[in-house]
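Dear colleague,

Please find below the structure that I agreed to pass on to you. My notes on its internal space and its salt bridges follow.

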Amino acid sequence: MPNRVILAPMAGVTDLVTRRFAKEMGVALTITEMVNDMGLIHAHHQTLSLARLDESGLRSLQLFGSRPETMAQAATIASDLAPDLIDINMGCPTRKIVSGGGGAALMLNTERAVAIVRAVTSKVRIPVTVKFRSGWDNSCLNAPDFAEALEGAGAAALTIHARTREQFYGGKADWTMIRLVKERVRIPVIGNGDIWTAEDAVNMLRVSGCDAVMIGRGAMGNPWLLQRVIQLLEHGVLPELPTPDDRILQAVRHLQAAVALKGEYIAVREMRKHCAWYLKTLPRASQVRVKMNNTSSAREMIIILETYAQSLSCTSCNE
């Protein structure tokens, strides 16, 4: 890989547009939102949309499911879409996924997890990776054993989100669990969890000894974090933080790209959350969010953002 920075797959967040912007920032690898094995097998329109890959750079397609035979079938279909990697989700904590035996539920069934990896690797020629968690809860911190079993089943690399399923996305990620996994296996280990600044990425690498970092929620509305991490790790320098104008302009660019890809109706509704992330911590951002939540027009949303940018510039000039 050209560097050690990867954008994490996040359902409802890292669509094709978001991944394209991450590539602009220089990330080594992007991963699709998680794709349901049965949806891919039955060629559901929404599933095929999720499985659409970036046009350049290293691309991974993430699958989730709970049965070795259907995961293998879906992986065969996925490989025809020409990803560079296939990733298997064994870390999603949501009730819907876990209740079906997928995601983090597989950490309670190592035998089934191993069978899935073996089935998938037997059907595709590209590397297969797995993303999982520290364990189910504090009484079941089985990531090192789980990792060793997955390596034996043929996994080419592993990503560990250093939280338990019980934590979901709360509490603090325990990077020492990443180190324990790294010490147990010979294949590359990618660390994930609580990278909010470039310095956090440096510290994760130091504490855990992992081979690369995967950045998730820290990049929501802040793709510049990806660039800052890359520059700090590769060159020892930190680019300037984005200005308010940078953030607002990026929100406009994101909206325009989403409209071009998905059409106005879907794009405007999905962009409400993205714009909220872009504007987070800026003055009067809550007022702007209310306005954006009450419009269904991309043009109106752009006018709201541009007017807001002008108001911030005027305020700055008057200070």
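**Salt bridges and an enclosed cavity**

Arg179 has a relative accessible area of 32% and is therefore partly exposed. Please bear in mind that this is a predicted model. The partner of Arg179 is Glu183, and the closest N and O atoms of this salt bridge are 3.7 Å apart. Both residues belong to helix α8 (residues 175-184); because they are four residues apart there, about one helical turn separates them. Glu183 has 55% relative accessibility and so counts as exposed, the cut-off for that class being over 50%.

In total, the structure holds 12 salt bridges. Two of them involve helix α1 and reach distant parts of the chain.

- Arg19 and Asp54 meet through their side chains, with an N to O distance of 2.9 Å. Arg19 lies in helix α1, whereas Asp54 sits in the loop between α3 (45-50) and β4 (58-64), 35 residues apart. Both Arg19 and Asp54 are buried.
- Glu24 pairs with Arg253, and here too the closest N and O atoms are 2.9 Å apart. Glu24 is in helix α1 and Arg253 in helix α11 (residues 244-262), which places the two partners 229 residues apart. With 48% relative accessibility, Glu24 counts as partly exposed. Arg253 is likewise partly exposed, as its relative accessible area is 32%.

Beyond these pairs, salt bridges link Asp15, Lys262 and Glu270 in a network.

I turn next to the internal space. How many cavities of 30 Å³ or more does the count give? The count comes to one, and the largest cavity holds about 120 Å³ of space. Its lining is made up of 15 residues, of which Thr18, Ala219, Met220, Gly221 and Pro223 are the closest to the centre. Two elements, α1 (16-24) and α12 (264-279), each give two or more residues to this lining. Helix α1 provides the largest share, with three residues.

Which kinds of residue line the largest cavity: nonpolar, polar or charged? The lining divides into 10 nonpolar residues and five polar ones, with no charged residue among them.

Helix α1 thus appears in both parts of these notes: Arg19 and Glu24 of this helix take part in the links to distant parts of the chain, and α1 also gives three residues to the lining of the largest cavity.

With kind regards

Definitions and conventions: Residues are numbered from 1 along each chain as its sequence is written. This is a predicted model: local features need pLDDT of at least 70, side-chain atom pairs count only at pLDDT 80 or more; totals for chains, interfaces and linings use all residues. Side-chain values use heavy atoms; hydrogens and water are left out. On a 1 Å grid over the protein atoms alone, a cavity is a set of points where a 1.4 Å probe fits but cannot get out, and a pocket is an open set with protein on both sides within 12 Å along at least five of seven lines; lining residues have an atom within 4 Å of a point. Grid points are joined across faces, edges and corners, and a volume is the space filled by probe spheres set on the points. Ala, Val, Leu, Ile, Met, Phe, Trp, Tyr, Cys and Pro count as nonpolar, Asp, Glu, Lys and Arg as charged, and the others, Gly among them, as polar. A salt bridge is a side-chain nitrogen of Lys or Arg within 4 Å of a carboxyl oxygen of Asp or Glu. Buried means under 20% relative accessible area, exposed over 50%, partly exposed in between (1.4 Å probe, protein chains only).
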